[in-house]
Amino acid sequence: MQRRDINKSTGSTALLGMIPISHFSKKNKDLNLLFQSNSEDTKLIESVHQLITQTTTVKCNGEEVKIHAIQTGSVAVKQAHRSNRTAHFLTPIKISLDKNFTEFMPIWTWAIEHPEGTIVIDTGENADVMKPDYLIPAGKLVAKYSKRNFKFEVSKENEIGFQLRKLGIANDSIKNVVLTHLHIDHTDGIKDFKNVEIIVNEQEYKHPSGHFPELIPKWFKPKTVKYQKDNLEIFEEAYPLTKSEDLLLIPTNGHSKNHSSVLFKTDECDILFAGDVCYNQRQILENDLPGINVNYKESKKTFEKIKTYAKNNNLVFLPSHDSYSGIRLMNKIKLEQE
């Protein structure tokens, strides 16, 4: 596969593609009702300063496979960043002028202990983001913009490398790391995977948006892949991440120009690790596009494809920054529509 150095991107709006969400672990008798609710029940959201990792088991080709939801810290963003129904070219200015922050929201990564080798999806944040000068290499304007518009809570114990070791997952057992896109809350953990194959959609790698190559390790040379024409319904093309083709990288454009998601087809359900398609499940159910996207038209198409796929399949939908993704994974709660 083609390997190349990442193109540099600059400008204060580059950071606008980032965003995550919070988390809770309380039980509820009617989880489906809770997760399909049109209003977020903030009373159920616990403090995200506590490290939370959630694990479930699914059957895949008759074998038991563990899936870990790993929270690598949390972030708060402007309300207009998460949701903005009047999005247009002035949206970045509207976001910057917004005085209201969201609650702190988790930054999810995922580890699938697949029979062919563990697959890690995204790498989350690292504790260095808490340093005032962390973004200076990307430019003083970017650093100033970040301080104004983002609040992070990340410790060393939150970092994905630390948490994988705690789970007993060694680097030499990892088949590869798959990046949905190249925003820093998905790539800042790359430093923990120096000798692991890292996969990125070729077009995302060639044409990143909101990416800071200055913060990426110099040794980073990912395997870039192209989608193949596939029999996968609705999405039409995919890149198989396993020989058994039960794990597929699929196009879900919009948040970044060539954003990807990972679809896991298990014996019990299909699970979509959806990156930043949206920031919570409610948004896709209500056609509430996130406040900042590279291409809103493509985001709408992605919303419709996912909802159409969910009508025909038992789909568990897991955005990387959804408050309830960990609980939905544990309970295999499918995306339901009226």
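These are my notebook entries on aromatic pairs, a surface patch and a few single residues in a predicted model.

**Entry 1: aromatic pairs**

I looked up the aromatic rings and counted 5 aromatic pairs. I then took Trp108 and Trp110. Their ring centres are 5.8 Å apart and their planes stand at 20 degrees, so I logged the pair as stacked. The angle is under 30 degrees, and under 30 degrees is what the stacked class requires.

I also checked how covered these two residues are. Trp108 has 1% relative accessibility and therefore counts as buried. Trp110 has a relative accessible area of 0%, so I entered Trp110 as buried too.

Next I took Tyr205 and Phe220. Their ring centres lie 6.4 Å apart with the planes at 80 degrees, so this pair goes down as edge-to-face. The pair links distant parts of the chain, 15 residues apart. I found Tyr205 in helix H7, residues 202–206, and Phe220 in the loop between H7 and strand S8, 223–225. I looked up the cover on both members. Tyr205 is buried because its relative accessible area is 1%. Phe220 is at 6% relative accessibility, so Phe220 counts as buried.

**Entry 2: aromatic cluster**

Which residues form one aromatic cluster with Trp108? I found Trp110 and Phe273 in the cluster with Trp108.

**Entry 3: a charge over a ring**

I looked up Lys151 and Phe101. The charged end of Lys151 sits over the Phe101 ring, and I noted 4.2 Å to the ring centre.

**Entry 4: nonpolar surface patch**

I looked for nonpolar side chains at the surface. Leu90, Ile93 and Leu97 make a nonpolar patch there, and I noted its area as about 290 Å². I followed up on Leu97, which I placed in helix H3, residues 91–97. Is Leu97 buried or exposed? Its relative accessibility is 58%, so I entered Leu97 as exposed. The cut-off for that word is over 50%.

**Entry 5: Pro132**

I located Pro132 in the loop between strand S4 (117–121) and helix H4 (140–149). Its relative accessible area is 82%, so Pro132 is exposed. I also looked up the spacing between Pro132 and Lys147, which are 15 residues apart along the chain. Their C-alpha atoms are separated by 8.1 Å.

Terms used. Residues numbered from 1 in each chain as written. Predicted model: local features only at pLDDT ≥ 70, side-chain atom pairs only at ≥ 80, totals over all residues. Heavy atoms only, no water. Patch = residues over 30% accessible without salt bridge, like charges linked within 9 Å, V, L, I, M, F, W, Y side chains within 5 Å. Areas by Shrake-Rupley, 256 points an atom, 1.4 Å probe, with all protein chains shown as cover. Salt bridge = Lys/Arg side-chain N within 4 Å of Asp/Glu carboxyl O. Helix = DSSP H or I, 4+ residues; strand = E, 2+ residues; numbered from the N terminus. Buried < 20%, exposed > 50% of the residue type's maximum accessible area, 1.4 Å probe, protein only. Phe/Tyr/Trp six-rings, centres within 6.5 Å; stacked < 30°, edge-to-face > 60°. Lys NZ or Arg CZ within 6 Å of the ring centre and 35° of its normal.
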